[in-house]
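Welcome! Please take a moment with the sequence and the 3D view below before reading on.

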Amino acid sequence: MSERKATIPRSRMTFRERQFRSRLAQMIDQRGLLRGSLLVRRRVCGKPKCRCARGQGHESLYLVVSQGGRSRQLFVPKDWEETVRRWVGDYHKARGLLEEISRLYWEKVRTRQG
Ligand SMILES: [Zn+2]
């Protein structure tokens, strides 16, 4: 039985795998990555003449993250919303790429070709 190496040289990777890895590397290098989900909450500010008192409420964005089994929430200020949405989205994309790579390795073990 030959011993298998954990390190795989790039030359032995398929084009698909190299593509997933380059995209993932780029995200890890250059993007903000934030795990969590975004929740829009409506609240009433309490000022009697405010439009929120007539039903609609003010919309606020919260970031919800589970850390160590606890769910934590963080208010996202308006001027952070766009950036936070992007970081959360990029985290999902990076996770997706990691998952694609993992599937390739699952197949290697399953087909005993690696
Ligand atoms: Zn209000």
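Here is a short briefing on a metal site and on one helix residue.

This is a predicted model, in which local features need pLDDT of at least 70, side-chain atom pairs count only at pLDDT 80 or more, and totals for chains, interfaces and linings use all residues. Residues are numbered from 1 along each chain as its sequence is written, and side-chain values use heavy atoms, with hydrogens and water left out.

**The zinc site**
- Cys45 (SG), Cys50 (SG), Cys52 (SG) and His58 (NE2) coordinate the zinc ion at 2.0 to 2.3 Å; donors are N, O and S atoms within 2.8 Å of the metal (3.2 Å for Na, K and Ca), and sites may look incomplete because water is not among the atoms.
- The site of the zinc ion is tetrahedral, with angles of 100 to 119 degrees among its 4 donor atoms; four donors earn that label if all angles lie between 85 and 135 degrees.
- Along the sequence, the donor residues follow the spacing C-x4-C-x1-C-x5-H.

**Cysteines and burial**
- Cys52 is buried at 1% relative accessibility, and Cys50 is buried at 17%, whereas Cys45 is partly exposed at 33%.
- Buried means under 20% relative accessible area, exposed over 50%, and partly exposed in between (1.4 Å probe, protein chains only).
- The structure holds 0 disulfides, a disulfide being a pair of cysteine sulfur atoms within 2.5 Å.

**Glu17**
- Glu17 is buried, with a relative accessible area of 2%.
- The side chains of Glu17 and Tyr105 share a polar contact of 2.4 Å; such a contact is a pair of N or O atoms within 3.5 Å, and within protein one must be able to donate a hydrogen and the other to accept it, while residues adjacent in sequence count only if both atoms are side-chain atoms.

Note on methods
Four donors count as tetrahedral if all angles lie between 85 and 135 degrees; four count as square planar and six as octahedral if opposite donors are over 155 degrees apart and all others between 65 and 115; anything else is irregular.
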